[in-house]
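Me: Please take a close look at one part of this model for me, the side chains that meet solvent and each other. Then carry on to any empty space inside.

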Amino acid sequence: LMSELKAGVLGLGAMGGPMASNLAAAGLLVAVWNRTGEKAAAFAREHDVDVAGSPQELAARCNVVLTCVSADPDLEEVIGLMVPGLEPGDVVVDASTVNPLTAQLLARRLAEDGVAFVDAPVSGGVEGAIRGTLSVMAGGESADIERIRPVLEAISGMVTHMGPVGSGQATKAVNQVIVAGIAEGVCEALALSEKLNLPSVRLLSVLGAGAAGSWFLEHRGASMLENRFDTGFKPALLLKDLKIV
Ligand code: NDP
């Protein structure tokens, strides 16, 4: 058992930034690293943590590293950079959305050095990341998930162990079929409502109270109708997810 969890976060984007804030608030965060250094420096000024000089240094200073980067090649790259700093017994836990096969490949590579890997993609949007209420879909060994449970609980409202490595990402692929379908339906419906000149505030409340209600309508409906698209999930990431599906 790890006597003391020393967590690091690699990737302080829309999701990784607030996740790192919640780890700092839980007293688990030791250091961060971000490719664009200014983001890491700003984070470190706001929270009482260090900026590691490199992914390797981050890995060397922590026994649990949470990664949250854009896509499969990015994850492969940053894990490759961390490898020289990782030690047997360390755990890499990845909250990005990638292909289950990528998760399995990276788990095998890390296992050669005695390093554990847990795939832990999340759902719940930027709001969920900020509030620490994400739903975590975990794949990996039970013992590894138990060791890092405080880290997962600091970012989430629910941690569900789905099976061996890759099962978290497989679950996330299923999740994204639903997310994409709902997003498309809501966007088409709200475009229609504009053509029909319906009053938007009343429209959203009447729809939300019935069977058309959904997370996406509730959290993105009003801003979309005001032509604001500044929060949340990039379409390029959703396209990446559908290619995984
Ligand atoms: P962002 O674009 O906001 O952040 C991406 C992060 O990854 C940045 O910190 C970026 O660094 C880093 N990064 C990307 N490529 C590399 C690389 N090659 N080397 C090092 N760092 C890299 O994305 P999100 O935070 O929105 O998404 C991150 C992941 O989480 C994605 O896989 C996404 O699908 C998933 N996700 C997103 C949700 C959302 O609502 N936004 C919800 C659930 C999951 P830099 O600052 O230098 O660009």
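**Surface, salt bridges and cavity**

Reply: K39 is partly exposed, with a relative accessible area of 45% (buried is under 20%, exposed over 50%, partly exposed in between; 1.4 Å probe, protein chains only). The model is predicted, so local features need pLDDT of at least 70 and side-chain atom pairs pLDDT 80 or more, while totals for chains, interfaces and linings use all residues. Residues are numbered from 1 along each chain as its sequence is written, and side-chain values use heavy atoms, without hydrogens or water.

K39 sits in helix 2, residues 37-46 (helices are DSSP runs of H or I, at least four residues; strands are E runs, at least two; both are numbered from the N terminus). K39 and F233 are 194 residues apart in sequence. In space their C-alpha atoms lie 19 Å apart.

Now the charged pairs. The structure has eight salt bridges (a side-chain nitrogen of Lys or Arg within 4 Å of a carboxyl oxygen of Asp or Glu). One of them joins E38 to R45, at 3.1 Å from N to O. The two ends fall in separate classes of exposure: E38 is partly exposed at 49%, whereas R45 counts as exposed because its relative accessibility is 62%.

Another bridge pairs R61 with D50, with the closest N and O atoms 2.9 Å apart. This pair links distant parts of the chain. R61 belongs to helix 3 (residues 55-61) and D50 to strand 3 (residues 50-51), 11 residues apart. Both partners are partly exposed: R61 has 29% relative accessibility, and D50 has 39%.

R149 bridges to E146, and here the closest N and O atoms are 3.1 Å apart. R149 is partly exposed at 24%. E146 is partly exposed too, at 45%. The pair belongs to a network of salt bridges that links E146, R149 and E153.

Next, the nonpolar surface. V177, I178, I182, L242 and V245 form a nonpolar patch there (patch residues have over 30% relative accessible area and no salt bridge; like charges are joined within 9 Å, nonpolar side chains within 5 Å). Together these five offer about 420 Å² of accessible area (Shrake-Rupley method, 1.4 Å probe). Helix 9 gives the patch its largest share, three residues. V177 is found in helix 9. At 45% relative accessibility, V177 counts as partly exposed.

Finally, the inside. Rolling a probe the size of a water molecule over the atoms shows where empty space is left. The count comes to one cavity of 30 Å³ or more (a set of points on a 1 Å grid where a 1.4 Å probe fits but cannot get out; lining residues have an atom within 4 Å of a point). The largest cavity holds about 30 Å³ of space. Its volume is the space filled by probe spheres set on the points.

T97, V98, Q169, K172, A173, Q176, D241, I244 and V245 line the largest cavity. By type, the lining has four nonpolar, three polar and two charged residues (Asp, Glu, Lys and Arg count as charged). Helix 9 (167-195) and helix 12 (235-244) each supply at least two lining residues. Helix 9 gives the most, with four. V245 links the two pictures: this residue is in the cavity lining and in the nonpolar patch on the surface.

How values were computed:
On a 1 Å grid over the protein atoms alone, a cavity is a set of points where a 1.4 Å probe fits but cannot get out, and a pocket is an open set with protein on both sides within 12 Å along at least five of seven lines; lining residues have an atom within 4 Å of a point.
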